[in-house]
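Subject: The structure you asked about, with notes on its helix packing

Hello,

Here is the structure, ready for you to open next to this email. Could you have it on screen while you read?

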Amino acid sequence: MGKVTGFLEIDRQVHKYQPAADRIRHFREFTLPLSDSEVEKQAARCMDCGIPYCHGPTGCPVHNQIPDWNDLVYNGDWATAIRNLHSTNNFPEFTGRICPAPCEEACTLNLEDIPVAIKTIEQALADKAYELGLVRPQPAEKMTGKRVAIIGSGPAGMAAAQQLGRAGHDVHVYERESRPGGLMRFGIPDFKMEKHFIDRRVQQMQGEGVTFFCGVNVGVDKKVSELLAEYDAVLYCGGSEKPRAASIPGEELAGVHDAMPYLVQQNKRVAQEDIQSTAWRSQPIYASGQHVLVVGGGDTASDCIGTAFRQGAVRVTQLDIRPQPPEKENKLAVWPYWATKMRTSSSQAEGAEREFQVATLEFIGEEGQLTGVKCCEVDEKRQPIPGTEFVIRADLAFIAIGFAGPMPGGVTEELGEGLKTRLDARRSTNVEANERDYRTSVDRLYAAGDVRRGQSLVVWAIREGRQAARAIDEALMGTSVLPR
């Protein structure tokens, strides 16, 4: 490493946030980036640790060569650093913003709770690459004559499309919504990632020969059978968007909603689009002046909290059936794996009231309108404890307890039993395909991303898109130079 004593001499520093009172007044990103010199100093903290767990498999699913580009950043060689980063990750400006950074959990310095600020460095490196004009189209030198269709333009579909386009195939991406990006565009709020980052990548990919067809719901507007007849291979990257059924009495009341329609609507408002979506049609939902309750403890629940505060909610309460985790994990028992410990998202830090080990028993209403939520405490087996019932006032309630597989209709409905699926441990029904060749039970149809593995991180989707692209290229050409 360039500075072997850097981790001893330099304190960990990550980018700061705007104060909560300021950032809840807008939907823009609110991180305050470090200067180039500060980023270089943070990169110098990457130690010569011998076995760098940060780049996988426990750390980074795409196997970013983190110590290598940290050393390059420390030495001011940003151009070589971004080439190294792009060799494993097509979209570091996405992961640098919305990945929870399992690489930092796996960092050797995390044994002392001072991991290298990998996520902050990655975002800074990706943004610097654009500033220096280092992100340009890389079209193939020679076309193969093969045509590939990709269903879905989330991170898996985009990663696969870019890889296959650079391999010389004619790639067409079909997107159900009005613009590419999948849930990165219409699910993740703008305050976590502004959408012009997606637009820049789409423009780059178009320069590489990738064609996007938006507003096309495959299986409805265009049949899968037509794609299989027109293309040499079809890759299904439709995501896992079907809300998990809550089966809570009273969920039919006005004011009770699944989380995703709410998030999609607000993203479309910010983009100045019609708030109705192809998949998420519902009446306008707005939290201004409302008492809001969010059921669920994951990222989607957190996104609902931040969105509600920005819309002017009076109060936001989050219910989590899990027990409150410890403030600090037992490092020797869990490192380098992702630890269960108390974590507070930026949205939760904006003023959410969090209730742990609490179950939602019933949504209560008057004249068909939600007025409150009946709850109770639960034991270690998540069973209600008699006599602990209480009611929380709520004008709006969002159910954010996960996803159960691809949306009904479309591809899965058209192919029916011909497309094999499997039920995973989280009760999600996913398309069956292995991690070697990503082939489904339908000839020349492949699947990757959340539609195959179930809801997961954006970095896993990028990994699967890249690996599926390699498998398709190899199947079409007999060999492939694309990395796995």
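Below are my notes on how a few of its helices pack together, and on one residue elsewhere in the chain.

Please keep in mind that this is a predicted model.

**Helix H3**

Let's start with H3, which covers residues 36–43. Which of its residues are buried? They are Val39, Gln42 and Ala43. Viewed along the axis of H3, these buried residues fall within an arc of 100°, so they line one face of the helix. The elements that cover them include helix H4 (66–74), helix H5 (78–86) and helix H8 (118–131).

**H3 against H4**

Two packed helices are described by the angle between their axes and the distance between the axes. For H3 and H4, the axes come within 8 Å and cross at roughly 135°. That angle makes H3 oblique to H4, and their crossing is left-handed. If you would like to find the contact on screen, look for Val39, Glu40 and Ala43 on the H3 side and Asn70, Val73 and Tyr74 on the H4 side. By type, the residues of this contact divide into 4 nonpolar, 1 polar and 1 charged.

**Helix H4 and its surroundings**

H4 itself has several buried residues: Ile66, Pro67, Trp69, Asn70, Leu72 and Val73. What do they pack against? Their partners are H3, H5, helix H7 (102–106) and H8. Just a note on what comes after this helix: H4 is followed by Gly76, which has a positive phi, near 80°.

**H4 against H5**

The axes of H4 and H5 come within 8 Å, and they cross at roughly 165°. With that angle, H4 counts as roughly antiparallel to H5, because the cut-off is over 145 degrees. H4 passes H5 in a left-handed crossing. From H4, the residues in contact are Asp68, Trp69, Leu72 and Val73; from H5, they are Trp78, Thr80, Ala81, Asn84 and Leu85. Sorted by type, the contact of H4 with H5 has 6 nonpolar, 2 polar and 1 charged residues.

**H4 against H8**

How far apart are the axes of H4 and H8, and at what angle do the two helices pack? The axes are 11 Å apart, and the angle is about 60°. H4 and H8 are therefore oblique to each other, with a left-handed crossing. H4 brings Ile66, Trp69, Asn70 and Val73 to the contact, while H8 brings Ile118, Ile121, Glu122 and Leu125. These residues divide into 6 nonpolar, 1 polar and 1 charged.

You may notice Val73 coming up repeatedly as you go through the lists. Val73 is in the contact with H3, in the contact with H5 and in the contact with H8, and Val73 is among the buried residues of H4.

**One residue elsewhere**

Finally, a word on Ala229, which sits in helix H12 (residues 224–230). Is Ala229 buried or exposed? Its relative accessibility is 68%, so Ala229 counts as exposed; the cut-off for that is over 50%. Measuring from C-alpha to C-alpha in the model, Ala229 and Leu319 are 49 Å apart in space, and they are 90 residues apart in sequence.

Happy browsing, and do write back with any questions.

Best wishes

Note on methods
Residues numbered from 1 in each chain as written. Predicted model: local features only at pLDDT ≥ 70, side-chain atom pairs only at ≥ 80, totals over all residues. Heavy atoms only, no water. Helix = DSSP H or I, 4+ residues; strand = E, 2+ residues; numbered from the N terminus. Buried < 20%, exposed > 50% of the residue type's maximum accessible area, 1.4 Å probe, protein only. Arc of directions from axis to C-beta. Contact = heavy atoms within 4.5 Å. Axes fitted to C-alpha atoms, helices over the stretch in contact; angles between N-to-C directions. Parallel < 35°, antiparallel > 145°, perpendicular 65-115°, else oblique. Left-handed = near helix turned anticlockwise from the far one by under 90°. Nonpolar A, V, L, I, M, F, W, Y, C, P; charged D, E, K, R; others polar.
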